[in-house]
Amino acid sequence: MTQKVLGLSLFVVGCVLFCQAGATAVAPLQIQLDPALSQDLKANLQSDLARLTQWSLQTNPGGNFQLVFGATDNSGVVAYLNDRIHVLLPFEAHLENRIRFQGQPLSSDDSSPGDAPTDALAINVSLRLWAARLLAATPLGLQVGSNILPIDSIRIGAVQMGPQYRADDRDTPVRRATMLIHEARHSDCTGGLKESVIAQLPDSLNSTLCGHLHSPCPPGHLLAGLNVCDDHAWGANSIAGTYATALYLNCTNCDEQTRQQALVEASDAFDRVLPLEDLQKGHLPPDMSSTDVLWGQ
Ligand SMILES: [Zn+2]
């Protein structure tokens, strides 16, 4: 999608703040911070995003990390995020009131936003925005500061920060980084959508891999009944787990505490992948493509 420079664009340049001598510089991470975010939250996010460029990874060629991120090192992680997350929004953002048609508000709903989950670190709202665009059958945009991002794909990459996101001791830096990797996968419409699915939005999305929606964890699972598991091999949890595993095994400049935190996150992520055996056997290579619409029945 077209990149617009917003009032508070964030260009985190590898090695400016954190790189150690000898670490490989990676391309800038380009994620815009919505001007409505609080100053504290902006500072926390800038710090967390900088860390994502700082951790230096070197994985084995041909491994799952390369299949997912397209490179054996951290440059793949940055490219993956740049493709899938373009703006971070505050929890209080009222999405409906930010949608624009020909530059004008589509609606002026005065009710409180209210429908974002309060127990999440963050939630990717790209599919929701794109579904609104498909249902409207007319070009729409998302107001971010003084600019309007075209909602022309699920890759609009809009992630709303949850009230639980805190850069303090309650969550580790690795957990917050892994969360962003996880949320980014929800910006992929793997396999596209058929007309028959679009006609039945949004309920029909559950039968597709568009947005990689989660499934309820089954009885007996530690998180039984919660809608946080994946019924397919390469959903958001597997991608996050692959990243955390690399951070644990293949980080060349991480301290031991970071590596141990990564092990915890990798274990938690893969616990939520129901067809884990298929994934471990390598029968199902990840499809990291995204298709806007696959017309036809
Ligand atoms: Zn998710």
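Here are four short exercises with worked solutions on the predicted model shown above.

**Exercise 1: the sheet**

Work out which strands stand at the edges of the open sheet of 4 strands.

*Solution.* Start with the strand order, which is β3-β4-β10-β7, with mixed pairing. Next, look at the two ends of that order: β3 (32-33) and β7 (122-124) each have a single partner strand, so one side of each is left without a neighbour in the sheet. Now take a look at how β7 is held. Its pairing with β10 (residues 158-161) is antiparallel and runs over 3 bridges. To find your place in the register, note that Ala122 sits opposite Met161 in β10.

**Exercise 2: the hairpin**

Find the turn between β8 and β9, and name the glycine in this turn with a positive phi.

*Solution.* First, confirm the pairing: β8 (residues 141-144) and β9 (residues 147-150) are antiparallel partners over 4 bridges. One pair to check on screen is Gln143 with its bridge partner Ile148 in β9. Then go to the turn, where 2 residues lie between the strands of this hairpin. The glycine is Gly145, with a positive phi of about 60°.

**Exercise 3: the core**

Identify the residues with the most contacts inside the largest nonpolar core, then follow Leu88 outwards.

*Solution.* The core has 65 residues, and those with the most contacts inside it are Leu81, Leu88, Ala244 and Leu247. Helix α8 (residues 236-250) supplies the largest share, 8 residues. For Leu88, set aside the neighbours within four places in sequence; the contacts are then Ile31, Leu33, Asp34, Leu37, Leu45, Val159 and Met161. You have met Met161 already, as the residue in β10 opposite Ala122. As background, nonpolar side chains in soluble globular proteins tend to be buried together.

**Exercise 4: a helix and its cover**

Decide whether helix α6 is largely enclosed or largely open, and place Ala177 within that picture.

*Solution.* Begin with the geometry: α6 (residues 173-185) has 13 residues and spans 19 Å from first to last C-alpha, close to the 18 Å expected at 1.5 Å a residue. Then turn to burial. Of its 13 residues, 11 are buried, so α6 is largely enclosed by the rest of the structure. The cover over these buried residues includes α1 (39-54), α3 (74-84), β7, β10, α8 and α9 (256-271).

Finally, zoom in on Ala177, which lies in α6. Ala177 is buried because 25 other C-beta atoms lie within 10 Å, and the cut-off is 20 or more. Beyond four places in sequence, Ala177 is in contact with Asp48, Arg51 and Leu52. Ala262 is 85 residues from Ala177 in sequence, yet their C-alpha atoms are 9.8 Å apart.

Methods. Residues numbered from 1 in each chain as written. Predicted model: local features only at pLDDT ≥ 70, side-chain atom pairs only at ≥ 80, totals over all residues. Pairing = 2+ DSSP bridges. Core = buried A, V, L, I, M, F, W, Y, C linked by C-beta atoms within 7 Å. Buried ≥ 20, exposed ≤ 12 C-beta atoms within 10 Å, placed from the backbone. Contact = placed C-beta atoms within 7 Å. Expected span 1.5 Å × (residues − 1).
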